[in-house]
Amino acid sequence: MNEWAGRVRDLTSFPLPGPLCLLMLLLPLLSPAAPISPAGPISQAYSLAVYMQKNTSTLLQTYLQYQGSPFSDPGFSAPELQLSSLPPAAVSFKIWHALDDGERLSHAQGAFLALTQHLQLVGDDQSDLNPGSPILLAQLGAARLRAQGLLGNMAAIMTALGLPIPPEEDTLGLVPFGASAFERKCRGYVVTREYGHWTDRAVRDLALLKAKYPA
């Protein structure tokens with residue numbers, strides 16, 4: 001028994017070489033991390049976009065209802081109204097179908113970044129123009145939060161695919177604070193309309209990605 005204990009003491013008296021100890025400590029850190037699958041973020045983004053799509057027409061109709069004539073007139077539509085600070089969602093099918101994953105996500109990322117900022121501006125405008133409209137203000141706030149959520153989902157997808165995330169920019173630029181009530185109503189109309197159009201496009205974009213990267 002004493003002889004066996006002596007042998008154990010002899011073995012433990014020889015410390016591991018310094019480089020070997022360091023290597024054993026670093027091995028867990030140097031092990032390559034498992035690649036992140038884009039399927040999860042794509043599925044989450046798609047579910048959110050579909051949910052948003054169910055509410056976009058309600059937001060637009062509620063907005064128009066509170067603005068008075070001509071906005072609240074039956075069948076009102078003014079597709080010619082645009083904002084230079086907000087990219088339109090409309091694009092030819094040929095160009096849209098030819099986009100690669102990076103271009104598709106980058107366009108959506110830029111659009112929803114602009115929409116979150118524009119929806120904040122429209123909410124401020126409506127707080128001034130229609131302070132007694134809690135339903136409209138609540139819908140505008142919810143739309144902005146959902147756009148922010150989809151923006152985060154898009155960033156997660158791009159990270160999983162190894163794509164660069166565009167830097168966050170001030171898309172509004174200089175806002176004319178002296179704009180008339182009619183001009184602000186027109187601005188809000190374009191924003192709520194394009195919010196719906198970009199949500200429709202996001203659903204189509206994400207459906208393609210969902211099929212390409214199944215869970």
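User: Welcome me in gently: what percentage of the residues of the chain count as buried?

Analyst: Happy to help! Keep in mind that this is a predicted model. The chain has 215 residues, and a residue counts as buried when its relative accessible area is under 20%. The share that meets this is 37%.

User: Which secondary structure elements does the chain have, and in what pattern?

Analyst: The count comes to seven helices and zero strands. Read along the sequence, the pattern is therefore made of helices, with runs defined by DSSP and numbered from the N terminus. Written out, it is α-α-α-α-α-α-α.

User: How much of the accessible surface of the chain belongs to carbon and sulfur atoms?

Analyst: The accessible surface of the chain is about 12,500 Å². The part of that surface belonging to carbon and sulfur atoms is 63%.

User: Which helix holds Asp-205, the partner of Arg-104 in a salt bridge?

Analyst: Let's start from the pair itself: the closest N and O atoms of Asp-205 and Arg-104 are 3.1 Å apart. Arg-104 lies in helix α5, and its partner is 101 residues away in sequence, so the salt bridge ties together separate parts of the chain. The helix that holds Asp-205 is α7.

User: Is Asp-205 buried or exposed?

Analyst: The cut-off for a buried residue is under 20% relative accessible area. Asp-205 has a value of 3%, and its partner Arg-104 has 4%. Asp-205 is therefore buried.

User: Arg-104 also lies over the face of a ring; which residue carries that ring?

Analyst: Good one to look up in the structure! Arg-104 is at 4.9 Å from the ring centre. The residue with that ring is Trp-96.

User: Which residue forms a salt bridge with Asp-101?

Analyst: Asp-101 is in helix α5, and the pair links it to a residue of helix α7, 111 residues apart. The closest N and O atoms are 2.9 Å apart. Asp-101 is buried at 15%, whereas the partner counts as exposed at 51%. That partner is Lys-212.

User: What does Arg-184 form a salt bridge with?

Analyst: Arg-184 is in helix α7 and is buried, with a relative accessible area of 16%. Beyond residues up to four places away in sequence, Arg-184 touches Tyr-63, Asp-125, Asp-128, Leu-129 and Ala-179. In the salt bridge, the closest N and O atoms are 2.9 Å apart, and the partner is Asp-128.

User: Why is the pair of Phe-71 and Phe-182 called tilted?

Analyst: The structure holds four aromatic pairs. In this one, the ring centres are 5.6 Å apart. Planes under 30 degrees apart count as stacked and those over 60 as edge-to-face, with the rest tilted. The pair is tilted because its planes are at 45 degrees.

User: Of Phe-71 and Phe-182, which one counts as buried?

Analyst: Phe-71 sits in the loop between α3 and α4, while Phe-182 is in helix α7. Phe-182 is partly exposed, at 47%. A relative accessibility of 2% belongs to the buried one, Phe-71.

User: Which residues does Gln-117 contact, leaving aside neighbours within four places in sequence?

Analyst: Gln-117 has its place in helix α5 and counts as buried at 16% relative accessibility. With those neighbours set aside, its contacts are Glu-169, Asp-170, Thr-171 and Leu-172.

Methods: Residues numbered from 1 in each chain as written. Predicted model: local features only at pLDDT ≥ 70, side-chain atom pairs only at ≥ 80, totals over all residues. Heavy atoms only, no water. Helix = DSSP H or I, 4+ residues; strand = E, 2+ residues; numbered from the N terminus. Buried < 20%, exposed > 50% of the residue type's maximum accessible area, 1.4 Å probe, protein only. Areas by Shrake-Rupley, 256 points an atom, 1.4 Å probe, with all protein chains shown as cover. Contact = heavy atoms within 4.5 Å. Phe/Tyr/Trp six-rings, centres within 6.5 Å; stacked < 30°, edge-to-face > 60°. Lys NZ or Arg CZ within 6 Å of the ring centre and 35° of its normal. Salt bridge = Lys/Arg side-chain N within 4 Å of Asp/Glu carboxyl O.
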